[in-house]
Amino acid sequence: MTALQEVPAQDAAAPAGVRREALYFALRNGKLLTGFGIVLTLFLLGLLGPLFLSGTGSEYGTQPMQPPSAEHWFGTTTFGQDVFTQFVYGLRTTFVVGAMGGGIAAVIAMLVGFVAGYRGGLVDEALNMFTNIVLVIPTLAVLLIINAYLGVRSVGAQALFIGLTSWPWAARAIRAQTFSLRTRDFVDLARLSGANTWKVITREIAPNMSSYLFMTFILLFGGSVLIASSLDFIGLGPTEGISLGLMLQNANQWSAMQLGMWWWFIPPGAGITAIVGSLYVANVGLDEVFNPKLRET
Amino acid sequence: MLKLDNVTKVYKVGAFGGKVFAAVDGVSFDVQAGEVVSLIGESGSGKSTIGKMILGLASITGGSITVDGVPVKPGKDYYRHVQGVFQDPFSCYNPVFKADRVFQMIKDAYYPKLGDKEWDERVRSTIRDVRLDPDQVLGRYPHQLSGGQLQRLLIARALLLDLKLLVADEITSMLDASTRIDVLNLLAELKERGLGVLYVTHDLSLGNYLAERTVVLRRGTVVEMGATGKVFGDPLHPYTRQLLAAVPRLHAPWEDAAPTQTCHYHENAASGAMFEAEPGHLVACAQLDACPK
C-alpha cells in the first residue's frame, strides 16, 4: 500500500505534527539519507580530520611520487606532500567556499527573485535591470582589479566575491518561478486570510518551490567550488592553505596524468563530484519528502 | 451593504503601455444583506475583475466600492467580513500542504488565543454545516479530495469568520451537476443567515435558480439589471435577449432574438446612464457600441 496511509492523520493542524511527519518520511527516504550521509561524512572528515593529522599537507616530504600505501593513504605528490592530508584540508576550504559563496548567492538571489517576481511592475523593472548589469560584469577582470588594489586573498574574501557575482541567473530563475506562482489562487486565498507580502512569500511561495530553491543552492554551491578552483588556477586564490581545486590544478601543472600519478587528481576530483552529486541526490529525496504527490508512488 | 459606484478598471496594454483597455467601465450596483445578486456575463466581460476589486486583490482605477460605507481596504479587518471563493478549487490549495491548513491560517490570523480543542470543535461543526464528514476531509492533502469537497471546505473556511459578504466567483463551474446543486443550496442557506452573496457566473440557469437580482454585464458595462424574474422573464436589452436565446432548450428550435433598435438611453437621457424601465429594472442603451453617447 502507499506510504501515506500508514501515517495516522491526527492533529495535522498542529505545526509540530507537520514537522514530525516530514521527519517520518525523511528517515524512510533512501536517497535523502544516502546523499546527506556522504556529504556529512566528507564534512566531518574535513572538520575533524586535521585534528588527527600532523602537518598541513604543504610540507615537502622525503618520498615523492609514492602510490597509495599504509603510510600515505592517498600517496604523495611530486614534492613528497601527503595527498590525504591535502585532501582533508582541501575539503575544509571547499566546504567553506561552497557554503559561503553558495549561501551568499542564494540569499541575494532569493531576495531579488522573490521581490521582483511577487511585486512586479517598476520594482521588477529596477531589480531586473540590476540583475542584468551584474550578469554581464566580467567577473575575472573585476577580480583582477580588486586583487591588485586591495590585495585581499583570504578564503572568506574569495567566497564573498564568488557569492556577490554568481547570483544573477538564480535570481532570474526564482523570479520567473515566482511570477507563475503568484497568480495562483492559493496566493489570493492567503491574502484573504490576512497574510502580508512577507508571509505570502515565506509561507506560500517559498515552500511550494522549496526543492527548487534547495536545488538552486546546490548548483550555486557546486558553481562556487568550481569557480574557486579556476581562480586558484590563475593565481588569484587564497595564498595560504589548499583546496580541492588547487590540488587539481597542481596535479595538472605537474603532469600527474601523463606521469600516471592517478592518486594525485582522483581524490580531489572525486571529492568535488561526491559533494555536489550527493547534494543533488539528497535534493531529489527532499522533494519526495516535502511534495506529498511524490510520496505515493 | 456592498455598493459599487461608477467603478472602472483600466489596464495599460501595448508595448510601452501606450494604449488603455477598460476591463470594467462605470459599473454601479449594490448587494443587500440576505440577498444573492448574480453577476452574469460572458468571458472577458469583466465580472471576475469586479469580484477581485471587491476583494481588494485588484486595484480600483476609478469610482468607489464600499462595504457598509467603508471603502475596500485589504487587510485583516476587511477580510473578517468580506471573503471570496474562487472558480478552481484545485488551485486554491497549496499542493505541498494539507487541505485543512486553510483553517489553520484563519485561526492564526483571527483567533490566535482560542484553544486548539475549542477551535477543532468549531472547524468540525462548520465542516458539518457544509455537509461534509470532518473525518473524511481533515488531515488530507488537496489531491486526495474531490473538487466538490475542496470547494465546500473553502466555503466552510469563509464561514469561520464573522462574514457579511461572500464573493462567489464561478464557484460551480468546475463541479458536476449534482455537487453543483449541493453548493447552490448551501449558498441559499447562507442567504437565510443574512449574508450578502455576489454570485459571479456565466451560467444563466444557475443564476436564475439562486439570485434575487441579476446584473448583466457586457464588455465591462452593465447592460441590464433588476429582479431576476424581470430580467429573465421580460428582458429589455437586446444583449440579454441574445444571452437567453443562447441557452439550449429541449424541444425548442434555435432562434435568434430580434434586436431592438429603440434606445432607451436616448429616449430618456435625463435619467442618467441607464434607463429605469420599471422600478428597480434598469437597462442600458440598446445600440451597444454604436451608441452616440
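This section describes a predicted model of chains A and B, taking confidence, core, interface and selected loop residues in turn.

Chain A has a mean pLDDT of 84, and 92% of its residues reach 70 or more. Confidence varies along the chain: among its elements, the lowest mean pLDDT, 70, belongs to helix α1 (residues 15–26) of chain A, and the highest, 93, to helix α7 (residues 168–182) of chain A. Over residues 1–14 of chain A the pLDDT is below 50, and in the model this stretch has 19 contacts beyond near neighbours in sequence.

The UniProt record, an unreviewed entry, annotates residues 32–53, 95–118, 130–150, 212–231 and 262–286 of chain A as "transmembrane region". Two of these spans were examined in the model. Residues 32–53 of chain A are 77% helix and 0% strand, with the end C-alpha atoms 31 Å apart. Residues 95–118 of chain A are 100% helix and 0% strand, and here the end C-alpha atoms lie 32 Å apart.

Chain B contains 11 helices and 12 strands. Of its 293 residues, 42% are buried. When contacts in chain B between residues at least 6 apart in sequence are considered, 64% join residues at least 24 apart.

The largest nonpolar core comprises 145 residues, of which Ala109(A), Ala168(B), Leu198(B), Tyr199(B) and Val216(B) touch the most other members. Helix α3 (residues 83–119) of chain A supplies the largest share of this core, 18 residues. Leaving out residues up to four places away in sequence, Ala109(A) touches Trp167(A), Ala170(A), Ala171(A), Ile174(A) and Thr216(A).

The contact between the chains involves 21 residues from chain A and 29 residues from chain B. On the side of chain B that touches chain A, two or more residues are given by each of α2 (76–81), β6 (82–85) and α3 (101–110) of chain B. The largest share of that side, 6 residues, comes from α3(B). By residue class, the side of chain B that touches chain A divides into 16 nonpolar, 8 polar and 5 charged residues.

Within α3(B), the buried residues are Arg101(B), Val102(B), Phe103(B), Met105(B) and Ile106(B). The buried residues of this helix pack against elements of both chains, namely α8 (185–192) of chain A and α4 (116–129) and α6 of chain B.

Two loop residues of chain B were examined individually. Gly46(B) lies in the loop between β3 (36–40) and α1 (47–54) of chain B. Gly46(B) is classed as buried because 24 other C-beta atoms lie within 10 Å, the cut-off being 20 or more. Apart from residues up to four places away in sequence, Gly46(B) touches Ala23(B), Val24(B), Gly41(B), Leu217(B) and Gly220(B). The C-alpha atoms of Gly46(B) and Lys9(B) are 8.9 Å apart in space, although the two residues are 37 apart in sequence.

Asp162(B) is found in the loop between α6 (147–159) and β7 (165–169) of chain B. Asp162(B) is exposed, since 8 other C-beta atoms lie within 10 Å, and a residue with 12 or fewer is counted as exposed. Asp162(B) is nevertheless in contact with Arg80(B) and His81(B), neighbours within four places in sequence being left aside. From Asp162(B) to Val82(B) the C-alpha distance is 8.7 Å, across a sequence separation of 80 residues.

Technical notes:
Residues numbered from 1 in each chain as written. Chains lettered and ligands numbered in written order. Predicted model: local features only at pLDDT ≥ 70, side-chain atom pairs only at ≥ 80, totals over all residues. Core = buried A, V, L, I, M, F, W, Y, C linked by C-beta atoms within 7 Å. Helix = DSSP H or I, 4+ residues; strand = E, 2+ residues; numbered from the N terminus. Contact = placed C-beta atoms within 7 Å. pLDDT = per-residue confidence, 0-100. Nonpolar A, V, L, I, M, F, W, Y, C, P; charged D, E, K, R; others polar. UniProt positions renumbered as here; feature names shortened; annotations may be inferred.
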